[in-house]
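Here are my notes on the model you sent round, point by point. Have the structure open while you read.

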Amino acid sequence: MNYSYWELKEWFTNIDFTIVGSGIVGLNCAITLKKNNPKAKILILEKGMLPQGASTKNAGFACFGSISEIIDDLNSHTEEEVFHLVQKRWEGLQLLRKNLGDTAIDFQQNKGFELFDSASFFEECISKKNEINQLLQPIFSDNVFSISKNKFGFAKIHEQYAVNIFEGQIDTGKMAAQLLLKAQKLGIKILNNITLEEYQECSNKVYLKTNKSDFYTKKLLIATNGFSRELITEKVQPARAQVLITKPIKDLHIKGTFHLDKGYYYFRNLDNRILFGGGRNLDFETENTTEFGQTDIIQNELEKILREVILPNTAVEIEHRWSGIMGVGHQKKAIVKQLSNNVYCGVRLGGMGVAIGSLIGKELADLIE
């Protein structure tokens with residue numbers, strides 16, 4: 001396609017910063033760059049009609065780790081590493097709330113609950129409750145985890161569960177819309193349905209080849225998380241998460257965010273519905289993909305748990321299903337680094353994009369002096 005003089009001049013000429021990905025990281029990066037460099041020309045490239053990864057597809061958990069997840073992390077990370085992981089997630093959530101406001105993202109702190117399918121697993125986790133609370137005390141100045149009895153009518157689970165008093169939930173769509181609006185008000189340009197196919201560094205600038213147009217930028221920042229392997233060699237494994245949501249349920253008594261099986265299953269109330277996702281652990285190999293879609297093995301298990309455990313005495317219908325692509329790795333720490341003179345990345349959010357995305361976007365922008 002031949003663009004006009006005006007189009008080339010306004011959108012593809014004299015670009016200071018080009019960001020790939022209009023999710024929570026990319027938008028926060030652009031907003032921070034604009035604040036640090038008010039006169040800069042900033043362009044965001046997004047290959048989807050909407051943000052393509054997980055930013056508009058996640059379950060909206062404002063969480064930083066259930067007790068079993070933190071215990072599991074302590075098996076592969078040092079105490080100091082786990083402390084800093086939780087600290088960053090908490091700081092990121094506070095930054096998200098500060099930047100956009102609780103009302104704008106429909107933030108609700110209805111607590112988080114972890115359910116256990118056996119007494120032995122419950123006892124194993126609760127035996128370390130005091131240790132975990134003590135580890136996190138400097139962050140929250142209070143005990144994070146406590147124990148309560150099942151008051152929601154769940155079936156086939158242990159009668160007691162772990163409660164996280166600091167966990168909340170947001171409206172993911174409102175969050176993304178508010179970030180897009182904030183970026184546009186600052187004069188940041190966003191192009192959708194455009195894919196960066198390759199790039200090449202040329203001394204003091206970077207040549208970008210897209211499926212729509214080729215142009216130069218002074219700095220390139222990659223914020224594509226689960227799709228990062230298409231552009232960089234950093235170790236980021238794509239991980240698909242499948243989700244379903246019910247039709248409205250009369251007199252729904254469930255309120256809060258809930259975790260099962262070390263966080264591999266998760267559900268919450270939303271508009272008098274139950275949003276339920278997870279099951280990636282049933283078929284890791286198939287779910288390590290950048291392809292959107294659903295599989296019978298996971299969807300059947302989600303429906304089974306929904307009807308037998310979450311809502312055992314309630315008629316329920318599924319209204320909609322979808323999936324999102326996360327970026328994970330052997331280590332939980334995100335990758336925020338300079339790759340070359342003029343190329344940078346902020347990726348591998350480990351399924352904690354809502355929690356750390358705002359902070360990772362800011363840190364990515366702050367790499368540039």
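1. A definition to start with, as the ring cluster depends on it: rings of Phe, Tyr and Trp (its six-membered ring) pair if their centres lie within 6.5 Å. Ring pairs of this kind link F113, F152, F154, Y161, F258, Y265, F267 and F276 into a cluster. Keep in mind throughout that this is a predicted model.

2. Two of the cluster members deserve a look of their own. F113 and F258 have ring centres 5.0 Å apart and planes at 20°, so the pair is stacked, since planes under 30 degrees apart count that way. The two residues come from distant parts of the chain: F113 belongs to strand β4 (residues 112–115) and F258 to strand β13 (residues 257–260), with their positions 145 residues apart. Both F113 and F258 are buried.

3. Across the model the count of aromatic pairs comes to 25. Y3 and F12 make one with another geometry: the ring centres are 5.6 Å apart and the planes sit at 50°, so this pair is tilted. What about cover? Y3 is partly exposed at 22% relative accessible area, while F12 counts as buried at 11%.

4. Now the overall picture. The protein chain has ten helices and 18 strands. Its radius of gyration is 21 Å, close to the 21 Å that the globule rule gives for 369 residues, so the chain is as compact as a globular protein of that length. The C-alpha trace spans about 65 × 45 × 40 Å along its principal axes.

5. Some totals to go with that. Of the 369 residues in the protein chain, 54% are buried. The accessible surface comes to about 17,000 Å², and carbon and sulfur atoms account for 47% of it. If you take the contacts with a separation of 6 or more, 72% are between residues 24 or more positions apart.

6. Which residues touch the most other members of the largest nonpolar core? In that core of 72 residues, they are L33, L136, F140 and L221. Take L136 as an example: leaving aside neighbours within four places in sequence, L136 is in contact with I70, V86, V144 and F145. Apart from this core lies another, of 26 residues, and its members include F113, L244, L260 and L306. So F113 turns up again here, having already appeared in the ring cluster.

7. I42 is worth clicking on. This residue is found in strand β2 (residues 42–45) and is buried at 3% relative accessibility. Beyond neighbours within four places in sequence, I42 is in contact with F17, I19, A30, L33, K34, I188 and K189; L33 is one of the residues named above for the largest core. If you want a distance to try in your viewer, the C-alpha atoms of I42 and K111 are separated by 38 Å, with their positions 69 residues apart along the chain.

8. Is Q299 buried or exposed? Q299 is buried, with a relative accessible area of 5%, and lies in helix α9 (residues 296–310). Setting aside neighbours within four places in sequence, Q299 is in contact with Q242, V243, L244, Q294 and R321. Among these, L244 also belongs to the core of 26 residues.

9. On to a hairpin. Strands β9 (residues 196–202) and β10 (residues 205–210) run antiparallel and are joined by six bridges. Within the pairing, E201 stands opposite V206 in β10. Two residues separate the strands of the hairpin.

10. Last, the backbone, with two residues to check by eye. S203, in the loop between β9 and β10, has a positive phi of about 50° although it is not a glycine. At 63% relative accessibility, S203 counts as exposed. D261 also has a positive phi, of about 55°, and is not a glycine. D261 is found in the loop between β13 and β14 (265–270) and is partly exposed, with a relative accessible area of 34%.

Key: Residues are numbered from 1 along each chain as its sequence is written. This is a predicted model: local features need pLDDT of at least 70, side-chain atom pairs count only at pLDDT 80 or more; totals for chains, interfaces and linings use all residues. Side-chain values use heavy atoms; hydrogens and water are left out. Two strands pair if DSSP finds at least two bridges between them. Helices (H or I, at least four residues) and strands (E, at least two) are DSSP runs, numbered from the N terminus. A nonpolar core is a set of buried Ala, Val, Leu, Ile, Met, Phe, Trp, Tyr and Cys residues joined through side-chain atoms within 4.5 Å. Buried means under 20% relative accessible area, exposed over 50%, partly exposed in between (1.4 Å probe, protein chains only). Contact means heavy atoms within 4.5 Å. The radius of gyration is taken over C-alpha atoms; the globule rule is 2.2 Å times the number of residues to the power 0.38. Accessible areas come from the Shrake-Rupley method with a 1.4 Å probe; for residues, only the protein chains shown count as cover. Rings of Phe, Tyr and Trp (its six-membered ring) pair if their centres lie within 6.5 Å; planes under 30 degrees apart count as stacked, over 60 as edge-to-face and the rest as tilted.
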